[in-house]
Amino acid sequence: MSIAIVDVIRAKRDGLELSPEQIDFAIDAYTKGLVADEQISALLMAIYFQGMQPAELARWTTAMIDSGKRSDLSSLPKPTVDKHSTGGVGDKVTLPLAPLVAACGAIVPQLSGRGLGHTGGTLDKLEAIPGWRAALSTEEYLRQLHEVGAVVCAAGDDLAPADRKLYALRDVTGTVESIPLIASSIMSKKIAEGAAGLVLDVKVGSGAFMKDVDRARTLAETMVEIGGAAGVHTVALLTAMDRPLGRAVGNALEVAESLEVLAGGGPADVVELTVLLAREMLALAGLSDVDPAIALWDGRAMDVWRAMIAAQGGDPAAALPVAGEIQIVPAPASGTLTGLDAYAVGVAAWRLGAGRARKEDPVSAVAGVLLRAEIGDEVKAGQPLLELHTDDPDRLPAAMAALDGAVSIDGPEVPLPLVVDRVG
Ligand code: URA
């Protein structure tokens, strides 16, 4: 039976459930360029308004996975487990977490992305390390998983190629903000990666994709259900992104903070979240009796980090690049620091050069924002509150403007708890 894409669009427009054949056809034909952008745009808008039933969404995600290759990691000698964050400001947790979980006996195969807009990307952060390269061949990737136990590298072109096309179209058709489309986009890539277990860190707050807890919970539940339907054990934590995570925002600054965590120090929130996510990952890998806090403290995670960086051409002992220009932002008043808006800090770091507006833009390794105080601290008017780092002083005024109203002292804000909820 031949399927006409216009019938698929009409069915979804009228709130009907798409058949597996209709879904497979739409994704396959679009990936191969056999249906027009405007037709898939219409279908995406219909999905935006009508949503998708769980079975429909599971099939949609499977069709996206099948547009490329699903890795088979079953020959690896240890359980495989990964983490995905929906993205936030100062979220460098993958850097200490991947080597930590590997040090505890699981294998972490992470295909990662670059930052866009005000949230940073893990590959951009790691590229601040002299010599480190994101692109690995399949052979190099598998060898590193065997020998080191953790890889964070760029995804190849065959990882859910349908998502690349669909995401680009969503971006220009006002259909990014659809929970089934976000969930299938993230989960198609994570399931195709091949790990047996997945922990999702769904960020909530001004600096996150999901600004409110209810939508974040719905996204988490939707992704956990998709993972389960595809045979990947999936759990999700909802975590705070109303303020930046840790004290460093920006590529080299975040690598430096991650090294502090791997050395047994670092900001309390980064350490707590890293250990909590590690516990969730180890539980999925059947290793709940291993305590990741010990592997962080005794240097085993640091040893894996060094091996992981060296295996990808990086020099773990090399000095990180530093900014030529640092501007201090003083506290505007005395009192308790009650708010430090994550979105504003993310935009400031981006304007300093840490992030990109378009996929092809370069990023600065040294640019970013360093927090000199945390929520709950007592501060005095005029004391240094933030440091703006950049190599290009012309960027400072725009970064300062982004921070207008971002700091609240003795304000009414109630910060979110670090972990807001757990799903799964
Ligand atoms: N990240 C993704 O990979 N896809 C989305 O749709 C949103 C965030």
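This passage describes the internal cavities of a predicted model. A search of the whole structure returned 2 cavities of 30 Å³ or more, and these are considered below in order of volume, beginning with the largest cavity, at about 100 Å³, and continuing with the second largest, at about 40 Å³.

The lining of the largest cavity comprises 17 residues, and those that lie nearest its centre are His118, Thr119, Gly120, Val249 and Ala354. Two or more residues of this lining come from each of the elements α11 (251-262) and α15 (342-354), with α15 giving the most, namely 4 residues. By residue class, the lining of the largest cavity divides into 10 polar, 5 nonpolar and 2 charged residues. Because domain 2 (81-311) and domain 3 (325-409) both give residues to the lining, the largest cavity lies between these two domains.

The second largest cavity, with its volume of about 40 Å³, is lined by Leu44, Trp60, Met64, Asp163, Leu166, Arg170, Leu181, Ser184 and Ser185. At least two residues of this lining are supplied by each of three helices, α4 (54-65), α8 (161-171) and α9 (179-193). The residues that line the second largest cavity divide into 5 nonpolar, 2 polar and 2 charged, whereas the corresponding division for the largest cavity is 5 nonpolar, 10 polar and 2 charged.

Technical notes:
Residues are numbered from 1 along each chain as its sequence is written. This is a predicted model: local features need pLDDT of at least 70, side-chain atom pairs count only at pLDDT 80 or more; totals for chains, interfaces and linings use all residues. Side-chain values use heavy atoms; hydrogens and water are left out. On a 1 Å grid over the protein atoms alone, a cavity is a set of points where a 1.4 Å probe fits but cannot get out, and a pocket is an open set with protein on both sides within 12 Å along at least five of seven lines; lining residues have an atom within 4 Å of a point. Grid points are joined across faces, edges and corners, and a volume is the space filled by probe spheres set on the points. Ala, Val, Leu, Ile, Met, Phe, Trp, Tyr, Cys and Pro count as nonpolar, Asp, Glu, Lys and Arg as charged, and the others, Gly among them, as polar. Domain bounds come from an automatic or database domain assignment.
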